[in-house]
Amino acid sequence: MRALGIDIGGSGIKGAIVDTEQGEFASERLRIETPQPAKPEPMAEVVGQIVERFAWRGPVGCTFPAVVQHGVARTAANVDDEWIGTDARALMEKHTGNPVLVLNDADAAGIAEMTYGAGRNNNGLVVILTLGTGVGSSIFVNGVLLPNTEFGHLDIRGKSAEWRTSDRARQLNGYSWKKWGKHLTEHLRYIEFLITPDLFIIGGGVSKKFETFARYIKCDTAIVPAQLRNRAGIIGAALAAAESTGAASS
Ligand code: BGC
């Protein structure tokens with residue numbers, strides 16, 4: 001079965017057709033710059049262009065880099081505030097002419113990692129953190145997602161955690177791997193205190209440097225890098241969309 005996955009980020013909007021039974025791309029990956037300012041209408045237009053370029057008819061899964069409750073954007077940490085309260089699903093359906101499922105980007109990446117990546121067959125309490133422009137989180141218990149956890153915004157010493165532990169914060173502040181690892185340790189330890197996970201999966205672009213910074217992370221929980229890298233959002237969104245329309249099982 002196939003579904004189109006689209007991953008909306010603060011700098012790029014990426015899409016590919018996904019074979020949902022294999023968890024692999026079934027087309028090339030297309031990337032278009034995110035319009036700035038990142039407002040709803042121009043961004044939805046880009047999503048429409050991607051659907052058009054693939055001449056796609058069928059389920060579309062679309063990630064969004066903020067809280068999405070039943071298709072409605074509730075926050076907008078790294079996109080324009082105009083998104084707050086926008087029915088993202090209705091907007092995307094209008095621009096694509098297809099059924100669209102919109103979900104948080106870290107939740108989508110988590111779905112992909114739990115199905116085809118580092119969390120496969122893990123029935124414990126798994127926390128996936130995506131470290132990129134912001135920090136996203138997804139939590140699974142027995143493989144079931146608890147949506148819209150925002151553990152990237154835990155308050156740590158008076159600041160949203162992502163201000164120190166996102167990859168953007170690392171680059172902007174010129175943190176050494178050691179210093180950034182210290183911040184990440186503090187963040188992970190706080191999550192351990194709150195929910196005692198069985199496994200941490202570290203995703204986002206920086207996960208390919210896992211070997212470089214892993215030695216600076218000192219927490220009690222097992223910790224592994226994500227496996228699907230920058231494909232996780234697209235694959236997870238497509239999986240969720242296929243499932244919600246019943247297409248994955250047909
Ligand atoms: C947002 C999350 C999102 C994460 C990664 C955070 O700032 O609040 O919803 O998952 O960035 O994009």
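**Group meeting: a walk through a 250-residue model**

Let me start with the overall fold: for 250 residues, a compact globule would have a radius of gyration near 18 Å, and this chain has 17 Å, which agrees. Please keep in mind that this is a predicted model. Taken along the principal axes, the C-alpha atoms fill a box of roughly 50 × 40 × 30 Å. The secondary structure amounts to eight helices and 15 strands.

A few totals for the chain before we go inside. Of the 250 residues, 55% count as buried. The accessible surface is about 11000 Å², and carbon and sulfur atoms own 49% of that. If you take contacts with a separation of 6 or more, 61% of them are between residues 24 or more positions apart.

Now, the empty space. Rolling a probe the size of a water molecule over the atoms shows where empty space is left. Let's take the open space first, and then the enclosed one.

The largest pocket holds about 880 Å³ of space. What lines the largest pocket? There are 45 lining residues, and those nearest the centre are Asp 7, Asp 105, Gly 132, Thr 133 and Gly 204. By character, the lining splits into twelve nonpolar, 22 polar and eleven charged residues. If you want to find the walls on your screen, look for the elements that each supply at least two lining residues. On the strand side those are E1 (2-8), E2 (12-19), E9 (125-131) and E10 (135-141). On the helix side they are H3 (105-116), H5 (167-172) and H8 (232-244).

How many cavities of 30 Å³ or more are there? The count comes to one, and the volume of the largest cavity is about 30 Å³. Its lining consists of Ile 156, Ala 161, Arg 164, Thr 165, His 183, Glu 186 and His 187. Two elements give two or more residues to that lining, namely helix H4 (162-165) and helix H6 (177-195). H6 gives the most, with three residues. Sorted by character, the cavity lining has two nonpolar, three polar and two charged residues.

One of those lining residues deserves a closer look, and that is Arg 164. Arg 164 sits in helix H4. Is Arg 164 buried or exposed? Its relative accessibility is 9%, so Arg 164 counts as buried, the limit being under 20%. Beyond its neighbours within four places in sequence, Arg 164 is in contact with Ile 156, Arg 157, Lys 159, Ala 169, Tyr 175, Trp 180 and His 183. For a sense of scale, Arg 164 and Glu 52 are 112 residues apart along the chain, and their C-alpha atoms are separated by 39 Å.

Arg 157, one of those contact partners, brings us to the backbone. Arg 157 is in the loop between strand E12 (155-156) and strand E13 (159-160). Its phi is near 45°, a positive value in a residue other than glycine. With a relative accessible area of 53%, Arg 157 is exposed.

There is another arginine with a positive phi: Arg 229, near 50°. You'll find Arg 229 in the loop between strand E15 (222-225) and H8. At 40% relative accessibility, Arg 229 counts as partly exposed.

While we are on backbone geometry, which residues are joined by a cis peptide bond? Gln 36 and Pro 37 are, with omega at about -5°. Pro 37 lies in the loop between strand E4 (30-33) and helix H1 (40-53).

Let me finish with two more residues, beginning with a buried one. Val 100 belongs to strand E8, residues 100-104, and at 5% relative accessibility Val 100 counts as buried. Setting aside its neighbours within four places in sequence, Val 100 is in contact with Val 60, Cys 62, Arg 89, Met 92 and Glu 93. Val 51 is 49 residues away from Val 100 along the chain, with 11 Å between the two C-alpha atoms.

The other residue is Lys 209, in the loop between strand E14 (199-203) and helix H7 (210-213). Lys 209 has 37% relative accessibility and counts as partly exposed. Val 60, which we just met as a contact of Val 100, is 149 residues from Lys 209 in sequence and 31 Å from Lys 209 in space, C-alpha to C-alpha.

That's my tour, thanks for listening!

Key: Residues numbered from 1 in each chain as written. Predicted model: local features only at pLDDT ≥ 70, side-chain atom pairs only at ≥ 80, totals over all residues. Heavy atoms only, no water. 1 Å grid on protein atoms, 1.4 Å probe; cavity = no way out; pocket = protein on both sides within 12 Å on 5 of 7 lines; lining within 4 Å. Points joined across faces, edges and corners; volume = space filled by probe spheres on them. Helix = DSSP H or I, 4+ residues; strand = E, 2+ residues; numbered from the N terminus. Nonpolar A, V, L, I, M, F, W, Y, C, P; charged D, E, K, R; others polar. Rg over C-alpha atoms; globule rule 2.2 N^0.38 Å. Buried < 20%, exposed > 50% of the residue type's maximum accessible area, 1.4 Å probe, protein only. Contact = heavy atoms within 4.5 Å. Areas by Shrake-Rupley, 256 points an atom, 1.4 Å probe, with all protein chains shown as cover.
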